[in-house]
Amino acid sequence: MFAGIINGVSAVAIPLLMLAIIGHGWYKKVKVYEVFTEGAKEGFNVAVKIIPFLVAILVAIGAFRSSGALDLITGLLAPVTSLIGMPGEVIPMALMRPLSGSGALGIASELISTHGPESMIARIAAVMEGSTETTFYVLAVYFGSVGITKTRHALPAALTADLAGIIAAVVVTQMVFG
Amino acid sequence: MINTIWIVLMGGGILVAAFQCLGLDYSSAAGLVMDPSFTPLTELTKGLFSSAKAAVNLAIGLIGIMALWLGLMKIAEESGLVKIFARAVRPVMIRLFPGVPTEHPAMGAMVMNISANVLGLGNAATPLGLKAMQELQKLNKVKDTATDAMATFMALNTSSVTLIPATMIGIRAAANSTNPAEIIGPVILATGVSTTVAIVMIKLLQKLPRYQIVIPESPPKAGEREED
């Protein structure tokens, strides 16, 4: 029942959103085709812009993984994470997520291509990626841009939220797809 | 930070592979045995090259879905849908940011940033978030210290309020998933948990004595204009 509702939301969300956006644009007499293509041009730039970051992080992760170094660390942490049903393969992703957005994205896509998009490992990684943020980067860039050096309670609150998000991603994914 | 991580991953990987070339093995019967071979390092090299290739394939596979999504966003922007959304969430914003006047430009920028985050558009959200921080800074009395509103805004941003994880769906589609969007439901739930925790933590922590704002002893003299 629960899984059914969640799957329903997933299935309906995007088509409905697209219909709403295009319908509203048409109603407001926006030249939807012209405006769409104008926005779509950016898609190429965004994809190309992330190539250097993807190469850097995927190669580094590749080195760490194919050498067996990752297995050493994962072996150390696995007894703890298995308590919440988190597969060892996802540990590097959870460690990377608050530090580097492109890094976590790299690990997530690596897990998806290694284990297949329908595996539990890949699903947990995808949900974790979608429900957490690159805390250190966002804090540094946003506060840095206005010269805030005393960040008060922002970091402890944000890190607690990250931890909650990581645990929630594992638990919810296990509930829906397990 | 990311520099350190990169060095640890690359350097650690290469060193571990090199160490494994010694082929050390220990068993109680034979004791310490050494069986040197270059295989771990050649395997490592193969792995590095295939990772580099995979990275580019991944990015190219993303182009289509990014274009589709950014095109739709542009329509939503031009038709005023984004503004309608902003008006809808105003009651929530007023409660979250009691220190910010309703009509202040900071409110608008924060709503736009959160909307972009909700739609999973990380890159589109950043410029709006920076704009919001600049507006919030104008309301700030102690310029090097974060206000409650700033900390709340940061917590919302870092806990991620994504409802449509567009990039992740794109990567899953590029990997030939049979149902790339099936993660939306779980993401909404997990995001709900992390965002709730973020807001609760912010509201609890901001009352603690150690996080109180210290107002400097000598306030700026009258007539001296503060810089925005």
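**Second largest pocket and an inter-chain helix pair**

In this predicted model, the lining of the second largest pocket draws at least two residues from each of helix 3 (51–66) and helix 6 (101–115) of chain A, together with helix 2 (39–78) and helix 8 (166–174) of chain B. Chains A and B also meet where helix 9 (residues 154–177) of chain A packs with helix 9 (residues 184–205) of chain B.

Pocket
- The second largest pocket has a volume of about 380 Å³, and its lining comprises 19 residues.
- Helix 2 of chain B gives the most to this lining, contributing six residues.
- Nearest the centre of the pocket lie Leu58(A), Glu110(A) and Ser113(A) from chain A, along with Ser51(B) and Ala54(B) from chain B.
- By residue class, the lining of the second largest pocket divides into eight nonpolar, nine polar and two charged residues.

Helix pair
- The two helices numbered 9 pack at an angle of about 155°, with their axes 8 Å apart; because angles over 145 degrees count as roughly antiparallel, helix 9 of chain A is roughly antiparallel to helix 9 of chain B.
- The crossing of helix 9 of chain A and helix 9 of chain B is right-handed.
- On the chain A side, the residues making the contact include Ala157(A), Ala161(A), Ala164(A), Gly165(A), Ala168(A) and Val172(A), while those of chain B include Leu189(B), Val193(B), Ser194(B), Val197(B) and Met201(B).
- The residues of this contact divide into 19 nonpolar and three polar, with no charged residue among them.

Terms used
Residues numbered from 1 in each chain as written. Chains lettered and ligands numbered in written order. Predicted model: local features only at pLDDT ≥ 70, side-chain atom pairs only at ≥ 80, totals over all residues. Heavy atoms only, no water. Axes fitted to C-alpha atoms, helices over the stretch in contact; angles between N-to-C directions. Helix = DSSP H or I, 4+ residues; strand = E, 2+ residues; numbered from the N terminus. Parallel < 35°, antiparallel > 145°, perpendicular 65-115°, else oblique. Left-handed = near helix turned anticlockwise from the far one by under 90°. Contact = heavy atoms within 4.5 Å. Nonpolar A, V, L, I, M, F, W, Y, C, P; charged D, E, K, R; others polar. 1 Å grid on protein atoms, 1.4 Å probe; cavity = no way out; pocket = protein on both sides within 12 Å on 5 of 7 lines; lining within 4 Å. Points joined across faces, edges and corners; volume = space filled by probe spheres on them.
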